[in-house]
Amino acid sequence: MTDCLFCKIAAGDIPAQVVHRTDTTLAFRDINPAAPVHVLVIPFAHYPDLPALAQADAPLAGQVLATAAEVAKAEGLTAEGYRVIFNTGRHAGQEVRHVHAHVLGGAPLGPLLAR
Ligand code: AMP
Ligand code: ZN
């Protein structure tokens, strides 16, 4: 996708603080962190959201999850725990239409939803 921010990051055309990379996935720090550790995990391939990815390529969806777990371990989050979020669609406030997992941790994260 030519007009996709995360495709541009995946291609190296826009800089990002990359923390982990596999053949199929990339992990980089969120530019506006919501927790002490806030990393985004994307597949290099463009899918707009989780259902599109899961339907088209379930193994790749699994690789995104495996990378999220690897990142959490590398960031030292395993002992105290962390949260993985896929915002999907309008009600979730998804801003970037290239599927991404948020990996959040490093401090107590509070309730699941802001009220
Ligand atoms: P979402 O609302 O789930 O679509 O999340 C998009 C996330 O991308 C937000 O947390 C933004 O802070 C983050 N973001 C936007 N632009 C960049 C960028 N250039 N580098 C890293 N993270 C970004
Ligand atoms: Zn994209």
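Modeller: A salt bridge is a side-chain nitrogen of Lys or Arg within 4 Å of a carboxyl oxygen of Asp or Glu. In this predicted model, local features need pLDDT of at least 70 and side-chain atom pairs count only at pLDDT 80 or more, while totals for chains, interfaces and linings use all residues. Residues are numbered from 1 along each chain as written, chains are lettered from A and ligands numbered from 1 in the order written, and side-chain values use heavy atoms, with hydrogens and water left out.

Biologist: How many salt bridges does a search of the whole structure find?

Modeller: The search finds three. In one of them, the side chains of Glu75 and Arg29 meet at 3.0 Å, N to O. This pair links distant parts of the chain, 46 residues apart: Glu75 is in the loop between α3 (58–74) and β4, and Arg29 is in strand β2. The labels α and β stand for DSSP runs, numbered from the N terminus: helices are H or I with at least four residues, strands are E with at least two.

Biologist: Where do Arg97 and Asp49, another pair, lie in the chain?

Modeller: Start with the distance: their side chains meet in a salt bridge of 3.5 Å, N to O. Arg97 belongs to the loop between β4 and β5, Asp49 to the loop between β3 and α2 (50–56), and 48 residues separate them. The remaining bridge joins the side chains of Lys8 and Asp3, at 3.9 Å from N to O.

Biologist: Which of these residues are buried, and which are exposed?

Modeller: The scale is relative accessible area (buried is under 20%, exposed over 50%, partly exposed in between; 1.4 Å probe, protein chains only). Asp49 has 13%, so Asp49 is buried, while its partner Arg97 has 47% and is therefore partly exposed. Asp3 counts as exposed because its value is 67%, whereas Lys8, at 29%, is partly exposed. Glu75 at 24% and Arg29 at 30% both fall in the partly exposed class.

Biologist: What is the nearest side chain of opposite charge to Asp30, which is buried yet has no salt bridge?

Modeller: For charge, Lys and Arg count as positive and Asp and Glu as negative; His and the chain ends are not counted. The nearest opposite charge to Asp30 is Arg29, 11 Å away. Asp30 is in the loop between β2 (25–29) and β3 (37–43). Its side chain makes a polar contact, reaching the backbone nitrogen of Asn32 at 2.8 Å. (A polar contact is a pair of N or O atoms within 3.5 Å; within protein, one must be able to donate a hydrogen and the other to accept it, and residues adjacent in sequence count only if both atoms are side-chain atoms.)

Biologist: Which residues is Asp30 in contact with, leaving aside neighbours within four places in sequence?

Modeller: Contact means heavy atoms within 4.5 Å. For Asp30 these residues are His38, Val39, Leu40 and His102. His38 is in strand β3 and, at 7% relative accessibility, is buried. The side chain of His38 reaches the backbone nitrogen of Ala34 at 2.9 Å. Beyond four places in sequence, His38 touches residues including Phe28, Asn32, Pro33 and His102.

Biologist: Which protein donors hold the zinc ion (ligand 2)?

Modeller: Donors are N, O and S atoms within 2.8 Å of the metal (3.2 Å for Na, K and Ca); water is not among the atoms, so sites may look incomplete. Here they are Cys4 (SG), Cys7 (SG), His46 (ND1) and His98 (ND1), at 2.0 to 2.3 Å from the zinc ion. Cys4 and His98 link distant parts of the chain, 94 residues apart: Cys4 lies in the segment before α1 (5–11), and His98 in the loop between β4 (82–85) and β5 (101–105). Along the chain the donors follow the spacing C-x2-C-x38-H-x51-H. Cys4 is buried at 5%, and so is His98, at 0%.

Biologist: Why is the arrangement around the zinc ion (ligand 2) called tetrahedral?

Modeller: Four donors count as tetrahedral if all angles lie between 85 and 135 degrees. The four donor atoms here subtend angles of 105 to 117 degrees, so the arrangement qualifies.

Biologist: Where is Tyr82?

Modeller: Tyr82 is in strand β4 and, at 35%, is partly exposed. Its contacts beyond four places in sequence include Ala69, Ala72, Val103 and Leu109.

Key. Four donors count as tetrahedral if all angles lie between 85 and 135 degrees; four count as square planar and six as octahedral if opposite donors are over 155 degrees apart and all others between 65 and 115; anything else is irregular.
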